[in-house]
Amino acid sequence: MQKILVTIFVFIAGLFFSQINPRDSIRLDHYAKDSIPAAKPQAPAKVIQEIERVNAPAKKVVTKLNPTKAGLYSAVLPGLGQAYNKKYWKIPIVWGAVGTGVGIAIWNQKKYKEYREYYIAKLNGTPNEFLTQVPYLDAVALGNAQDRAKRQRDYAIAISGLIYILNIVDAVVDAHLYEGRKDPDLSLAPAVIYDDYNFNPPKTGLALTYRF
């Protein structure tokens with residue numbers, strides 16, 4: 001009986017040790033670590049700000065002009081303020097208006113001097129080439145012609161001064177409104193106006209659009 005137990009014990013021990021192979025086991029001295037650290041949770045406010053920043057539309061850079069500088073430019077030289085405001089098409093209009101007024105004033109000033117000379121010569125009886133050609137003109141007619149030329153000269157000077165002032169005002173106002181014209185949220189454009197009840201035909205007009 002004792003031999004049978006020893007035999008069974010030896011058989012079980014041999015069977016147990018036969019299942020262990022030193023080469024089949026892998027010894028790990030260092031275990032792999034995760035190289036990607038876990039992201040820290042962000043505050044809800046920061047997440048919302050980041051989403052709004054990514055989805056926000058691109059803003060246009062609005063150029064600003066100096067109204068004072070535009071007015072000074074137009075005061076020094078009419079049309080120069082319009083050039084500063086990049087309204088080049090207004091420069092010929094300003095020059096033409098101011099030049100016409102000044103030209104009319106100069107022409108009437110010349111005629112005034114001529115008629116005054118003729119008037120004084122007629123009163124004094126001094127010989128004059130012009131009076132020799134038109135001897136039928138009396139002192140009253142020459143005096144009226146002199147006054148008319150002077151009055152037209154004064155009107156031309158006043159109108160030229162008004163155009164000069166309007167040129168400065170236009171440059172200043174245009175510089176003030178330049179930022180609004182370039183604002184993508186503010187626009188003034190032609191539009192077709194429809195009648196909701198179809199009583200009247202469509203009409204053309206201007207539409208002012210402002211986006212909050």
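Let's start with Lys 111, which is partly exposed, with a relative accessible area of 21%. Buried means under 20%, so at 21% Lys 111 counts as partly exposed. I should say right away that this is a predicted model.

Who does Lys 111 pair up with? Its side chain meets that of Glu 114 in a salt bridge, at 3.3 Å from N to O. Glu 114 is partly exposed too, with 24% relative accessibility. Both of these residues sit in helix α5, three residues apart, and that's about one turn of the helix. As a general point, side chains of opposite charge can pair when their charged atoms come close.

Okay, so how many salt bridges turn up in the whole structure? The search finds five. Here's another one: Lys 90 with Asp 174, where the closest N and O atoms are 3.4 Å apart. This pair ties together distant parts of the chain, since Lys 90 is in helix α5 and Asp 174 is in helix α7, 84 residues apart. And are those two buried or exposed? Lys 90 is buried, and Asp 174 is as well.

Then there's Asp 154 with Arg 153, a salt bridge with 3.1 Å from N to O. Asp 154 is partly exposed, at a relative accessible area of 35%, whereas Arg 153 counts as buried, at 16%. Some salt bridges share partners, and those join Lys 87, Lys 90, Asp 170 and Asp 174 into one network.

While we're on Arg 153, look across to Gly 103. The two are 50 residues apart in sequence, but 9.8 Å apart in space, C-alpha to C-alpha. Gly 103 belongs to helix α5, which runs over residues 90-124, and Gly 103 counts as partly exposed at 35% relative accessibility.

Let me step back to the overall layout. The protein has seven helices and two strands. Going from the N terminus, the order is α-α-α-α-α-α-α-β-β, so you can picture the helices coming before the strands. There are 212 residues, and buried ones make up 17% of them. The protein exposes about 17,600 Å², with carbon and sulfur atoms supplying 64% of that. As for contacts, take those with a separation of 6 or more: residues 24 or more positions apart account for 51% of them.

Now for the inside. Which residues make up the largest nonpolar core? There are five: Leu 65, Ala 70, Ala 171, Ala 175 and Tyr 178. Helix α7, residues 139-182, gives the most to this core, with three residues. In general, nonpolar side chains in soluble globular proteins tend to be buried together.

Let's zoom in on one core member, Ala 175. If you leave aside its neighbours within four places in sequence, Ala 175 is in contact with Leu 65, Asn 66, Pro 67, Ala 70 and Asn 85. Right beside it in the numbering is His 176, also in helix α7. His 176 is exposed, with a relative accessible area of 55%. Between His 176 and Thr 68 there are 9.6 Å in space, C-alpha to C-alpha, although they're 108 residues apart in sequence.

Thr 68 brings us to helix α3, so let's look at its two faces. Which residues of α3 are buried? Those are Pro 67, Ala 70, Gly 71 and Ser 74. They cover an arc of only 100° around the axis, and that puts them on the same side of α3. Turn to the face pointing away from that buried side, and you find the exposed residues Thr 68, Leu 72 and Val 76. Val 76 has a relative accessible area of 69%, which is why it counts as exposed.

Val 76 also has a part in something on the surface. Together with Leu 72, Tyr 73, Leu 77, Leu 80 and Trp 95, Val 76 makes a nonpolar surface patch of about 610 Å². Where does the largest share of that patch come from? It comes from helix α3, residues 67-76, with three residues.

So, to pull α3 together: one side holds the buried residues, including Ala 70, which is also part of the largest nonpolar core. The face turned away carries exposed residues, among them Leu 72 and Val 76, and both of those belong to the nonpolar patch.

Technical notes. Residues are numbered from 1 along each chain as its sequence is written. This is a predicted model: local features need pLDDT of at least 70, side-chain atom pairs count only at pLDDT 80 or more; totals for chains, interfaces and linings use all residues. Side-chain values use heavy atoms; hydrogens and water are left out. Patches are made of residues with over 30% relative accessible area and no salt bridge: like charges are joined within 9 Å, nonpolar side chains (Val, Leu, Ile, Met, Phe, Trp, Tyr) within 5 Å. Accessible areas come from the Shrake-Rupley method with a 1.4 Å probe; for residues, only the protein chains shown count as cover. A salt bridge is a side-chain nitrogen of Lys or Arg within 4 Å of a carboxyl oxygen of Asp or Glu. Helices (H or I, at least four residues) and strands (E, at least two) are DSSP runs, numbered from the N terminus. Buried means under 20% relative accessible area, exposed over 50%, partly exposed in between (1.4 Å probe, protein chains only). A nonpolar core is a set of buried Ala, Val, Leu, Ile, Met, Phe, Trp, Tyr and Cys residues joined through side-chain atoms within 4.5 Å. Contact means heavy atoms within 4.5 Å. The arc is that of the directions from the helix axis to the C-beta atoms.
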